[in-house]
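Me: Please take a close look at one part of this model, the nonpolar patch on its surface. Then set it beside a buried position and the spans annotated in the record.

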Amino acid sequence: MSTQTPSRQPMGQQGIQSAPTREMNAQNISNQQIQQTLSEMQRRMDEPVRRSPGNETKPAFLSTEFYIYLAAVGFTLLAADLVGRDAAGVDPFRANQAWFFITLMTIAYLGSRGLSKLGNSWRHGRR
């Protein structure tokens, strides 16, 4: 059972409807302009992809910041181990504090590596 109302058009003309007409005042584009645009798009698509020379950035072990980071982590762990307890028996530099500082140093190191990748001369082949 259909919920649509039957059409009142004659049997042979049910699929044909007239479209509303309106003027196109905003854009009047010629076939020549369309062909020029399409040929320009095709020319751009046919151009080879330009690859940037060089690596993203120099390897981390070649940078001084890597060695400074390793030294800072080592000294932080060493300080946490050597401080020990004070006269009252309280450990002023506990292991969880040391690992918190190491986490902060790691975040700072990764941030500096990310910033160095933004625009250094290694990427463009000038070392």
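Reply: Four residues make the nonpolar surface patch: Ile29, Ile34, Leu38 and Met41. The patch covers about 360 Å². Keep in mind that this is a predicted model.

Take Leu38 from that group. Leu38 sits in helix α1, which runs over residues 31-46. Its relative accessible area is 46%. Leu38 therefore counts as partly exposed, since that class lies between the 20% limit for buried and the 50% limit for exposed.

Now turn to Tyr69. This residue belongs to helix α2, residues 64-83. Its relative accessibility is 17%. Tyr69 is classed as buried because the cut-off is under 20%.

What does Tyr69 touch, leaving aside neighbours within four places in sequence? The contacts are Met105, Thr106 and Tyr109. The C-alpha atom of Tyr69 is also 9.3 Å from that of Ile102. Along the chain, Tyr69 and Ile102 are 33 residues apart.

The record adds an annotation here. An unreviewed UniProt entry gives the feature "transmembrane region" at residues 60-78 and at residues 98-116. How much helix does the model show in residues 60-78? That span is 79% helix and 0% strand. Its end C-alpha atoms lie 24 Å apart. Residues 98-116 are 100% helix and 0% strand. For residues 98-116, the end C-alpha atoms are 27 Å apart.

To recap the two positions: Leu38, part of the nonpolar patch, is partly exposed, whereas Tyr69 is buried.

Key. Residues numbered from 1 in each chain as written. Predicted model: local features only at pLDDT ≥ 70, side-chain atom pairs only at ≥ 80, totals over all residues. Heavy atoms only, no water. Patch = residues over 30% accessible without salt bridge, like charges linked within 9 Å, V, L, I, M, F, W, Y side chains within 5 Å. Areas by Shrake-Rupley, 256 points an atom, 1.4 Å probe, with all protein chains shown as cover. Salt bridge = Lys/Arg side-chain N within 4 Å of Asp/Glu carboxyl O. Helix = DSSP H or I, 4+ residues; strand = E, 2+ residues; numbered from the N terminus. Buried < 20%, exposed > 50% of the residue type's maximum accessible area, 1.4 Å probe, protein only. Contact = heavy atoms within 4.5 Å. UniProt positions renumbered as here; feature names shortened; annotations may be inferred.
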